[in-house]
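Thanks for coming. I will go through one model today, element by element, and keep to what can be read from it.

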Amino acid sequence: MVFSRVRDRNLLMLKKVLIFVFILLCLAMAGIYVVTRPWFVAKVIRSAVNARVKDFQLDDLGFGKIHIDGNGLVTIKDTRFALRLLSQGNQEWQGQIPVVYLDNLRSLVKSGKIIVSIERLDAAADGVQLKGISSQMTVTWTGPKWHISFENVPKWHISEGSAKGDFLSAAGITLSSFEAYFSGNENLLIADPWRAKWADGNLSGRLTVAPEAYTMHADVAQVELSEVAPHMRGRINGSAEVEIQRADNAIHALNGHFDAPQGAQIPAAFLQPVLSYIPAGTQRDILGDLITAGTDVFFDHADVRLKSVRSDSLNLLIKMDSKTLNLDLAVTIDLNVEGGLNGLIERLPQFISG
């Protein structure tokens, strides 16, 4: 009888333990189900980013499917996003990424390193379009990874990254078949080298992006001028450098330099605005006759420098020489920029196309 009671109590206890374990398993499964649901992950990421990132705001974020394999590789499919770049005057971006991979998660806590890969990104903003961008980068986090506060946010660093894409279009310029190798952090991003095709020719160089400044160097090879502006002819080789400085969501400095050591062929009419700045004499008469006749001018060497004096004015230095026409131009022009440098950048596509 005593043995029977003890057995019954043990069976009752075992039943309670099994029920408790079953409940725990159910809760764990429900928790895993919820935290791996695309809508839940998207909501958590969006809330975390908007609470701690000051440079942009995620207005929308969605995932189609999330899968985690036994090695800790996360595969995210059909990502959709909409964001605003707060540091760029609330510029709105929308895009989609068919596949995103997050690797090295098993050692993330120890190493602070994660490998991010994206395939075939399409994104667009006002006047800017990216198509077919695939990229891989190794991102390392330093500082606190857990217990993050508003004042204590971990820093990130891209030790190595690469990107390839079908085309990039901005400010009336479309680059195709481009690729770049880059590194950087939240304060500086460097693409060196980058390469792309433009106007049936090739560009290559270095790009540096900081929160309030952009600098670019490009070597220009065999660019077809008729692809740049419909009334120009011939091909051109040279090098270009551009620096843009920003503050308070506005461009306050613009500097540029273009050097074409092998010259260029352009319609003389393109130099009509320059004519009044040339001192009276033989050089001015030769150029005036060429403009009147509607002929082309071939320059053996062209050198153009652009420097902003203030946010609404530019200093332009043009040097061109043509041995066959006995032309040796060196003209300095001071220009007032209607609408400021921001307006000049916005009107660049119309200026390029003539």
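In which strand is Val 242 found? Val 242 is in strand S12, which covers residues 235–247. Before going on, please note that this is a predicted model.

Why does Val 242 count as partly exposed? Its relative accessibility is 33%, and partly exposed is the class between under 20%, which is buried, and over 50%, which is exposed. Val 242 also belongs to a nonpolar patch on the surface, together with Leu 207 and Met 216. The accessible area of the three together is about 190 Å².

Next, a helix. Helix H2 runs over residues 38–52, so it has 15 residues, and at 1.5 Å a residue it should span 21 Å. Its end C-alpha atoms are 21 Å apart, so the expected span and the model agree.

Which residues of H2 are buried? They are Pro 38, Val 41, Ala 42 and Val 49. These residues cover an arc of only 95° around the axis, so they sit on the same side of H2. The general background is that an α-helix has 3.6 residues a turn, so residues three or four places apart point the same way. On the face of H2 turned away from the buried side are the exposed residues Trp 39 and Lys 43.

Now the strands, starting with S3, residues 74–85. Strand S1, residues 56–62, pairs with S3 in the antiparallel sense, over six bridges. In that pairing Gln 57 stands opposite Arg 84. Strand S2, residues 65–68, is also antiparallel to S3, with four bridges. There, Ile 68 stands opposite Val 74. The hairpin of S2 and S3 has five residues between the strands, and Gly 72 in this hairpin takes a positive phi near 85°. S3 is further joined to strand S4, residues 91–103, by 11 bridges, and these two strands run antiparallel. Arg 80 has Gln 96 in S4 as its bridge partner.

Let me stay with Arg 84 for a moment. With which residue does Arg 84 form a salt bridge? The partner is Asp 59, and the closest N and O atoms are 2.9 Å apart. Arg 84 lies in strand S3 and Asp 59 in strand S1, so this pair ties together parts that are 25 residues apart in sequence. Arg 84 is partly exposed, with a relative accessible area of 23%. Asp 59 is partly exposed too, at 32% relative accessibility.

How many salt bridges does a search of the whole structure find? It finds six. Another of these is between the side chains of Arg 120 and Asp 166, at 2.8 Å from N to O. This pair links distant parts of the chain, with Arg 120 in strand S5, residues 113–125, and Asp 166 in strand S7, residues 155–170, 46 residues apart. Arg 120 counts as partly exposed because its relative accessibility is 41%. For Asp 166 the relative accessibility is 33%, so Asp 166 is also partly exposed.

Between Lys 131 and Asp 122 there is a further salt bridge, with the closest N and O atoms 3.3 Å apart. Lys 131 is partly exposed, at 35% relative accessibility.

What about the pairing of these strands? S5 pairs with strand S6, residues 128–142, in the antiparallel sense over 10 bridges. One facing pair is Ala 124 and Gln 129 in S6. The hairpin of S5 and S6 has two residues between the strands, and here Gly 127 takes a positive phi near 85°. S6 is then joined to S7 by 13 bridges, again antiparallel. Lys 131, just mentioned for its salt bridge, has Phe 167 in S7 as its bridge partner.

The last group is S13, S16 and S17. Strand S13, residues 250–260, and strand S16, residues 301–310, run antiparallel and are joined by six bridges. Here Ala 260 stands opposite Ala 302 in S16. S16 in turn is joined to strand S17, residues 313–322, by nine bridges, and this pair runs antiparallel as well. Val 304 stands opposite Ile 318 in S17. A hairpin of two residues joins S16 to S17.

That is the end of the walk-through. I will take questions now.

Terms used: Residues are numbered from 1 along each chain as its sequence is written. This is a predicted model: local features need pLDDT of at least 70, side-chain atom pairs count only at pLDDT 80 or more; totals for chains, interfaces and linings use all residues. Side-chain values use heavy atoms; hydrogens and water are left out. Patches are made of residues with over 30% relative accessible area and no salt bridge: like charges are joined within 9 Å, nonpolar side chains (Val, Leu, Ile, Met, Phe, Trp, Tyr) within 5 Å. Accessible areas come from the Shrake-Rupley method with a 1.4 Å probe; for residues, only the protein chains shown count as cover. A salt bridge is a side-chain nitrogen of Lys or Arg within 4 Å of a carboxyl oxygen of Asp or Glu. Buried means under 20% relative accessible area, exposed over 50%, partly exposed in between (1.4 Å probe, protein chains only). The expected span of a helix is 1.5 Å times one less than its number of residues. The arc is that of the directions from the helix axis to the C-beta atoms. Two strands pair if DSSP finds at least two bridges between them.
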